[in-house]
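Dear colleague,

Please find below the structure I promised to hand over. My notes on what was found in it follow directly after.

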Amino acid sequence: MKSKIRVVVVDDSALVRSLLAEIINRQADMECVGTANDPLVAREMIRELNPDVITLDVEMPRMDGIDFLGRLMRLRPMPVLMISTLTERGAEVTMRALELGAVDFVAKPRIGVANGLQQLAAEIVDKVRIAAKAHVHRMVRSATAGAATTAAKPAPSSASLLGRVSTEKLIAIGASTGGTEAIKEVLVHMPADAPAIVITQHMPPGFTTSFAARLNSLCQITVKEAVHGERILPGHAYIAPGGQQFSISRSGANYVAVVNDDPPVNRHKPSVEVLFKSVAQFVGRNAFGVMLTGMGADGAAAMREMKDAGSYNYVQDEASCIVFGMPREAIAHGAADEVLPLGKIAEALLGRLRSAGGEVRHRI
């Protein structure tokens, strides 16, 4: 008989601890083996109980969740699911937690916590299951590097692109669990004159603003949330707003952003499938596709449509993924031209773009 996923809940609220334990214990495949009201208690509990996953609050007495997470990921890397309050500060702190190695997060409400958590029960247990399978040791390097990151943009790269290639091409990126750090790894290597980049990362409302701002502070390109109707420009990356669908269209010779409140696709909003389908339709052979770490199959079929329309596609390999689900499905659909470690994707993409500099193909 398969063993249950063993979870330790860390939160300073007795109500939240009780509710999370109840939600977890209702599942046939998991159990809450302990609860802790602060990280120092949690540290001893983790040593004693050796859980598969911990859920972690941010604001707690004696040591906040971010400090505890940083120490945990250095000394004993393990799957962590953040339980973050949906506030502006909460969003910024959540981005830091993902940088340090947390697998994912759930945004808990500021008021009506009891009802709110019950409504989030399905999301919580789904994310606990995903976290239990995640390759968290792959995040240790990023945690160390992230601690030294400053808000200063890097110096301009001398390895710029050539000719008109940046105005003719477009890069489309899809990601989910583990994707915030994977996207950063790709974008920080893009020169200021890179082609336009469009991105769907599965993320709820209220968090993509902080995500875009953080990336913008680290990259040579401009990174922002997509706005409906704006022109998609070279040297810019556009991130799907949380809780909205994002795709592209054409207006004359230009690509434009389409952001709307259409229903979820593959249970996701934003959905990679929606973005990639539009890229297949409007960009064709001038597109590059990138599928990064994430659970599920969102975007795999549309990435194959991109390939059939002439795009060249990169897929992250299993060893460097936090969760290999979306890349695996893209490969299974025959959508991948190259399967590469995360650290090699930007280099390969830029190499292909530079080689195309003298032989730009017009948009179709």
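Cys321 counts as buried, at 0% relative accessibility. The model is a predicted one. Cys32 is buried as well, with a relative accessible area of 14%, which is under the 20% limit that defines buried. A search of the whole structure finds 0 disulfides. For reference, a disulfide is a covalent bond between the sulfur atoms of two cysteines.

Cys321 also appears among the contacts of Thr293. Thr293 lies in the loop between β12 and α12 and is buried, with a relative accessible area of 1%. Its side chain reaches the backbone oxygen of Thr177 at 2.8 Å. Leaving aside neighbours within four places in sequence, the residues in contact with Thr293 include Ala175, Ser176, Gly178, Gly179 and Ala182, and also Gln316, Ile322, Val323 and Pro327.

Gln316 leads to strand β13, of which it is a part. Strand β13 covers residues 312–316, and 5 of its 5 residues are buried, so the strand is largely enclosed by the rest of the structure. Both of its faces are covered: Tyr312, Tyr314 and Gln316 lie on one side, Asn313 and Val315 on the other. Strand β12 (residues 287–291) is joined to β13 by 4 bridges, and the two run parallel. Within this pairing, Gly289 has Asn313 as its bridge partner in β13. Between β12 and β13 the chain passes through helix α12 (residues 300–308), in a β-α-β crossover that is right-handed. Strand β14 (residues 338–340) also runs parallel to β13, and 3 bridges join them. Here the bridge partner of Val315 is Val339 in β14. With helix α13 (residues 325–332) between them, β13 and β14 make a right-handed β-α-β unit.

I turn now to the beginning of the chain. An open sheet is formed there by 5 strands in the order β2-β1-β3-β4-β5, with parallel pairing. The edges are held by β2 (30–36) and β5 (104–108); each has a single partner strand, so one side of each is left without a neighbour in the sheet. On average, neighbouring strands of this sheet are turned by 25 degrees against each other, direction ignored. Helix α1 (residues 14–25) packs on the sheet and touches β1, β2, β3, β4 and β5, and its direction makes about 165 degrees with that of β2. Helix α2 (residues 39–49) lies across β1, β2 and β3, and runs at about 140 degrees to β2.

Strand β3 (residues 53–56) deserves a separate description. Val53 and Thr55 point one way from this strand, Ile54 and Leu56 point the other way, and all are buried. Strand β1 (residues 5–10) runs parallel to β3 and is joined to it by 4 bridges. In this pairing, Val7 stands opposite Val53, and Val8 stands opposite Ile54. To strand β4 (residues 80–85), which is also parallel, β3 is joined by 3 bridges. The bridge partner of Leu56 in β4 is Met82. The chain crosses from β3 to β4 through helix α3 (residues 65–75), and this β-α-β crossover is right-handed.

Some points of backbone geometry may be of use when you inspect the model. Most residues other than glycine have a negative phi, and most peptide bonds are trans. Asn50, which is not a glycine, has a positive phi of about 50 degrees. Asn50 is placed in the loop between α2 and β3 and counts as partly exposed, at 44% relative accessibility. Arg267 likewise has a positive phi, near 70 degrees. Arg267 belongs to the loop between β11 and α11 and is exposed, with a relative accessible area of 72%. Pro270 is found in the loop between β11 (254–260) and α11 (272–282). A cis peptide bond joins Lys269 and Pro270, with omega at about 15 degrees.

Finally, some totals for the chain. Its secondary structure comes to 14 helices and 14 strands. Of its 364 residues, 55% count as buried. Among contacts between residues at least 6 apart in sequence, 73% join residues at least 24 apart.

With kind regards

Technical notes. Residues numbered from 1 in each chain as written. Predicted model: local features only at pLDDT ≥ 70, side-chain atom pairs only at ≥ 80, totals over all residues. Heavy atoms only, no water. Buried < 20%, exposed > 50% of the residue type's maximum accessible area, 1.4 Å probe, protein only. Pairing = 2+ DSSP bridges. Right-handed = clockwise from strand over helix to strand, strands pointing away. Disulfide = S-S within 2.5 Å. Axes fitted to C-alpha atoms, helices over the stretch in contact; angles between N-to-C directions. Contact = heavy atoms within 4.5 Å. Polar contact = N/O pair within 3.5 Å; in protein donor to acceptor, adjacent residues only side chain to side chain.
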